Amino acid sequence: MSTILLAGGAGYIGSHTAVELLESGYDVIIADNYSNSCPEVINRVEEITGKSVKAYEVDIKDKEKVDALFSENKIDAVIHFAGLKAVGESVAMPVAYYRNNIDTTLTLLECMEKHGVKNIIFSSSATVYGEENPVPYTEEMKRGTCTNPYGWTKVMMEQILEDAAKADKDLSVVLLRYFNPIGAHVSGKIGEDPQGIPNNLMPYVAQVAVGRREKLTIFGRDYDTPDGTCRRDYIHVTDLAKGHVKAIDYVFGAKGVEIFNLGTGTPYSVTEIVETFENVNNIKINHVYGERRPGDLAESYANADKALKVLGWKTEKTLADMCRDTWNWQKNNPNGYRK
Ligand code: NAD
Ligand code: UFG
């Protein structure tokens with residue numbers, strides 16, 4: 001069976017992907033520096049699957065250590081999740097974002113080349129569609145103008161991977177453009193565990209529900225949308241993780257670059273998220289309406305046809321599932337992975 005290296009695999013999306021890969025019979029190696037995650041994640045993944053996971057504490061920028069990891073293991077494909085991802089922080093610390101996100105990508109590509117590994121899947125983002133493209137987004141649209149350094153790192157990394165594949169005809173690259181992953185594994189054992197004040201909507205809602213935050217501020221209600229609040233394509237993290245299994249199956253038989261949107265194709269507004277969370281979980285979310293958040297687009301959602309046509313993948317979970325599973329994780333782990 002093939003062995004998949006998950007760089008940044010202890011994080012939110014990586015840990016859910018590890019579970020789905022293990023349950024599909026793949027061997028998994030996780031390499032993470034735990035800058036935004038905890039080693040406890042590895043135990044939880046093993047508990048859920050009953051399988052063992054080889055884990056390395058390593059900074060993916062550290063070429064010597066990554067090279068050693070490739071020497072010690074026969075790796076068939078890499079999934080590159082290792083990145084810094086907080087949009088606001090990237091505005092304050094652009095150089096750290098460019099250094100971490102781009103350097104990890106280059107290090108992985110150099111080690112892959114040296115060790116003859118020809119398959120890579122990259123965690124990209126809907127953010128690369130930028131401000132110009134109309135919704136719903138389709139994969140052949142040109143990458144747009146981003147409003148922050150985080151987004152630009154994704155644009156640049158897509159370009160780097162495309163150029164690498166042009167130069168090495170045996171390289172197989174899949175760029176997965178995620179929309180808005182939320183929810184948690186149905187077991188409640190793994191989920192999203194942001195450090196400090198959450199930037200993203202769903203973890204903030206969950207922390208209000210569990211009493212860690214007093215109230216949610218909904219950023220803007222004067223957008224040109226049905227209820228005036230922004231609309232996003234929220235996708236259950238387990239559906240997203242299953243998309244990676246399909247992409248791994250695909251990447252082995254392919255050459256060159258292929259891009260897939262991973263979203264549901266259906267947008268929901270911030271107000272709809274809050275109302276669904278309240279109704280499904282029978283809990284009130286204290287909230288107020290505030291100013292728009294700089295850089296937010298009114299709407300972002302996928303056309304998800306290509307992933308269905310080419311990968312045979314589509315989402316299965318509903319918004320109610322996403323809200324229920326988020327709450328199940330948060331109430332069982334009020335402080336995330338920390339006691
Ligand atoms: P996450 O922060 O939970 O996971 C990223 C993991 O990478 C963390 O465990 C972190 O410790 C690790 N990491 C970061 N830099 C590293 C380095 N130099 N060496 C080793 N490990 C390192 O984030 P996530 O939500 O799981 O996101 C995974 C990927 O998907 C990221 O690249 C992110 O930009 C991308 N993405 C996420 C979203 C989202 O909304 N969550 C949307 C689009 C794209
Ligand atoms: N929101 C609030 N209050 C909050 C947090 C968020 O009202 O406390 C709103 C935002 O204004 C936005 C919606 O909830 O309208 C979703 O916001 P998120 O921060 O959860 O998600 P974004 O769509 O802004 O960002 C996500 C990823 C980024 C990625 C971007 C574009 O987090 O990594 O999608 O793909 F760059």
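**Exercise 1. Find which backbone atom contacts an oxygen atom of ligand 1, and then describe the surroundings of the ligand.**

Solution. Begin with the backbone: a polar backbone atom of Tyr 12 lies 2.8 Å from an oxygen atom of ligand 1, which fits the definition of a polar contact as a pair of N or O atoms within 3.5 Å (within protein, one must be able to donate a hydrogen and the other to accept it, and residues adjacent in sequence count only if both atoms are side-chain atoms). This is a predicted model, in which local features need pLDDT of at least 70 and side-chain atom pairs count only at pLDDT 80 or more, while totals for chains, interfaces and linings use all residues. Residues are numbered from 1 along each chain as its sequence is written, chains are lettered from A and ligands numbered from 1 in the order in which they are written, and side-chain values use heavy atoms, with hydrogens and water left out.

Next, turn to the side chains: a polar side-chain atom of Asn 100 is 2.9 Å from a nitrogen atom of ligand 1, and an N or O atom in the side chain of Tyr 150 is 2.8 Å from an oxygen atom of the ligand. Of the 820 Å² that ligand 1 exposes when taken alone, the protein buries 95% (areas by the Shrake-Rupley method with a 1.4 Å probe; for residues, only the protein chains shown count as cover).

Finally, consider the whole shell, where 29 residues surround ligand 1 (a residue is near if one of its heavy atoms lies within 4 Å). Strand E5 gives the most to this shell, with 3 residues (strands are DSSP runs of E, at least two residues, and helices are runs of H or I, at least four, numbered from the N terminus).

**Exercise 2. Determine in what order the strands of the open sheet lie, and which strands form its edges.**

Solution. The sheet has 7 strands in the order E3-E2-E1-E4-E5-E6-E11, with parallel pairing (two strands pair if DSSP finds at least two bridges between them). Its edge strands are E3 (54–57) and E11 (256–262), each of which pairs on one side only. Within the sheet, 3 bridges join E4 (residues 77–80) to E5, and His 80 has Phe 122 in E5 as its bridge partner.
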